[in-house]
Amino acid sequence: MARLILAAGLALTIFDGWLAHRFGSYGTLFDLKEIAQIAAWLAAGYFAGRIRPGTPMRVLMMTLGLLLASTAPAAFALETGSAGLQVVVTVAYVLTALQLPLGAHVFLAYPSGHVRDRSGRTVMVGGYAFGAVMVVLQALAGPVRPSGDCRDVCTPLPLVDSPALAGLTSQLAGLGSAVLTLVGASVIVRRMITASRRQRRVLAFPAVAMVLTALLFALVGVFAATGTNDLNPTLALAQFASLVAVPAAFFLGLVRERLDEARVSDLIRRIQYMPAGRLSDAVSQALGDPSVRIRAEVPDDIPADHLTVVGDRGDPLGVIVHDPSLRAEPQLLEAVSAAVGLALENARLQAAVRAQLAQVRASRARLVTAGDEARRKLERDLHDGAQQRMLSVGLILSLLRHSLTDAGTETKELLDEAEAELRLATQELRELARGIHPAVLTIQGLKAAVEQLVVRVPVRARVRIDELPELSDATKATAYFVVSEALANTVRHAKASEIDIRITYADGQIRVRVEDDGKGGADFAAGSGLTGLADRVAAIDGVLRLDSPLGVGTVVEVELPCG
């Protein structure tokens with residue numbers, strides 16, 4: 001349908017141009033003005049369909065262009081004695097009665113292509129009724145006969161040869177046109193007053209152009225009703241400018257809507273990882289609608305035309321509450337809904353991942369705490385049980401030595417060997433207890449435990465520890481075992497001559513740094529010691545960093561929360 005209207009409009013425009021050039025008496029400038037007016041509506045309708053496929057405005061605007069092309073022969077003041085052209089001009093003149101009703105329909109239907117309000121439909125129906133009456137009257141009476149030079153229709157073919165009826169028809173047409181345009185303009189003004197902020201933004205430029213055009217047409221109608229046939233040239237030029245400006249304004253309004261759609265791509269980039277609480281502002285900015293809100297569930301107190309469901313209607317991700325005027329832009333709403341759905345789905349997945357990660361961290365922390373508690377219990381059991389029994393055995397051996405005063409040399413040597421082995425076993429048991437969980441860490445704190453740890457290291461070591469706040473048991477144990485494992489690796493593998501241990505506190509965290517001047521090359525993949533440390537550090541939300549280039553030395557650095 002739209003292509004057929006466009007083809008017919010273009011064909012008629014070419015025909016109009018030929019008529020004006022061959023038989024017109026107004027001159028080239030006037031002819032170009034009429035052709036430009038037709039072309040403006042046809043082009044605006046065509047591009048409206050390209051910008052918003054399926055919009056009824058496309059057909060309405062091109063139909064108005066087709067009607068203007070059909071009525072143009074009645075405006076060129078054609079000077080010809082051809083009977084065929086006289087018929088063409090007469091038909092064109094009769095069809096001019098439909099220009100204003102169709103124009104009012106186009107104005108009132110913008111931008112959706114539908115006239116939905118009651119006052120607008122009333123004006124539209126009244127306009128077509130008035131147009132139908134004027135078609136009949138203009139076909140019967142024809143135009144008013146020119147008293148001097150030919151104006152518009154030079155050789156009319158009225159059905160009734162009555163100059164009085166022709167004059168009355170002209171006055172009725174002028175008066176009716178003035179009333180219709182003023183009432184239509186008032187409807188457009190009222191729409192602007194009651195419109196939402198977004199609707200005003202879309203309607204602003206087209207509404208101004210429509211109202212100015214309506215007022216100029218009303219003025220022309222008043223002139224016609226009073227019998228003033230000679231229009232002021234300035235008024236005629238303003239009327240033409242307004243008629244061209246309206247399709248241009250319509251087109252720009254549709255372009256603005258397309259730009260709104262283009263902003264959706266930027267919206268997708270911005271909101272894909274945006275917190276759900278900030279989505280409303282981003283979508284509101286993209287749509288130019290300050291009333292936009294993102295709801296988790298479908299509200300019962302808001303009309304359906306204000307809502308767009310995001311995702312599956314059976315299990316929606318959310319609901320967009322917006323201005324109902326956006327219903328006229330389904331592609332824009334669909335694109336925004338998809339973007340919001342992506343953001344909400346990402347937010348839902350991130351929340352699920354964060355919850356699972358929190359559970360994993362809590363589980364790891366519980367495992368570390370349980371392990372430390374088991375270490376402390378084992379250390380106490382060794383200290384209070386096996387170690388005490390070994391001390392008792394040593395005491396018994398000492399008493400036995402004193403009771404065997406007459407014992408031979410061999411017996412005394414056996415006692416000496418037994419006591420030596422017992423002392424060695426006791427020392428090894430104490431070392432084992434310290435490795436499991438040093439009692440000094442619990443009793444005297446991290447600083448004393450690290451200093452005691454360094455005493456047994458066969459490498460020159462420097463220890464610097466800041467004044468530390470109260471630390472949790474898990475943090476103290478983790479820091480201690482980091483230093484212990486780093487020292488053990490240095491002694492076993494690094495061939496270092498010096499170790500530097502630094503423990504500092506800042507911004508609610510302690511930083512443990514152990515550096516040696518050994519051969520380097522330490523790697524997490526090389527053994528389970530560093531990997532176990534990394535797991536333990538991560539379990540209390542800490543960070544472990546390893547820097548160990550070959551031939552330079554090794555730096556183990558850990559950041560741990562105090563609590």
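The legends below describe close-up views of a predicted model.

**View 1. Segments that UniProt lists as transmembrane regions.** An unreviewed UniProt entry places the feature "transmembrane region" at residues 32–48, 60–78, 84–110, 122–144, 164–190, 202–224 and 236–255. Two of these spans are described here. Residues 32–48 are 100% helix and 0% strand in the model, and the C-alpha atoms at the two ends of this span are 24 Å apart. Residues 84–110 are 85% helix and 0% strand, with 38 Å between the end C-alpha atoms.

**View 2. Helix α4 and the elements that cover it.** Helix α4 comprises residues 83–95. At 1.5 Å a residue, its 13 residues should span 18 Å; the end C-alpha atoms are 19 Å apart, which agrees. The buried residues in α4 are Leu-85, Gln-86, Val-89, Thr-90, Ala-92, Tyr-93 and Val-94. An α-helix has 3.6 residues a turn, so residues three or four places apart point the same way. The cover over the buried residues of α4 includes α1 (2–23), α3 (56–71) and α6.

**View 3. Leu-140 in helix α6.** Helix α6 runs over residues 118–141 and contains Leu-140. Leu-140 has a relative accessibility of 30% and counts as partly exposed, because the partly exposed class lies between the cut-offs of 20% and 50%. Thr-169 is 29 residues from Leu-140 in sequence, and the C-alpha atoms of the two residues are 9.5 Å apart in space.

**View 4. An open sheet of three strands.** The strand order is β1-β3-β2, and the pairing is antiparallel. The edges are taken by β1 (293–295) and β2 (307–311). Each edge strand has a single partner, so one side of each has no neighbour in the sheet. From one strand to the next, the twist averages 25 degrees. Strand β3 covers residues 316–321 and pairs with β2 in the antiparallel sense over five bridges. Opposite Leu-307 stands Val-321 of β3. Strands of a sheet pair through backbone hydrogen bonds, either parallel or antiparallel.

**View 5. Salt bridges of Arg-513.** The whole structure contains 13 salt bridges. In one of them, the side chain of Arg-513 meets that of Glu-515, with N to O at 3.3 Å. Arg-513 is partly exposed, with a relative accessible area of 29%, and Glu-515 is also partly exposed, at 31% relative accessibility. Arg-513 forms a salt bridge with Glu-557 as well, with N to O at 3.8 Å. Glu-557 lies in strand β8 (residues 554–561) and Arg-513 in strand β6 (residues 509–516), so this pair ties together parts that are 44 residues apart in sequence. Glu-557 counts as buried, at 14% relative accessibility.

**View 6. Arg-545, Glu-559 and the salt-bridge network.** The closest N and O atoms of the salt bridge between Arg-545 and Glu-559 are 2.9 Å apart. Because Arg-545 lies in strand β7 and Glu-559 in strand β8, the pair ties together parts that are 14 residues apart in sequence. Arg-545 is partly exposed, with a relative accessible area of 36%, whereas Glu-559 counts as buried, at 16% relative accessibility. Arg-511, Arg-513, Glu-515, Arg-545, Glu-557 and Glu-559 are joined into one network by salt bridges that share partners.

**View 7. Lys-495 and Asp-541, two loop residues with positive phi.** Most residues other than glycine have a negative phi. Lys-495 is not a glycine, yet its phi is positive, at about 55 degrees. Lys-495 sits in the loop between α15 (473–494) and β5 (498–506). The relative accessible area of Lys-495 is 74%, and the residue is exposed. Asp-541, likewise not a glycine, has a positive phi of about 65 degrees. The loop that holds Asp-541 runs between α16 (528–539) and β7 (543–547). Asp-541 counts as partly exposed, with 46% relative accessibility.

Note on methods:
Residues numbered from 1 in each chain as written. Predicted model: local features only at pLDDT ≥ 70, side-chain atom pairs only at ≥ 80, totals over all residues. Heavy atoms only, no water. Helix = DSSP H or I, 4+ residues; strand = E, 2+ residues; numbered from the N terminus. Buried < 20%, exposed > 50% of the residue type's maximum accessible area, 1.4 Å probe, protein only. UniProt positions renumbered as here; feature names shortened; annotations may be inferred. Expected span 1.5 Å × (residues − 1). Contact = heavy atoms within 4.5 Å. Pairing = 2+ DSSP bridges. Axes fitted to C-alpha atoms, helices over the stretch in contact; angles between N-to-C directions. Salt bridge = Lys/Arg side-chain N within 4 Å of Asp/Glu carboxyl O.
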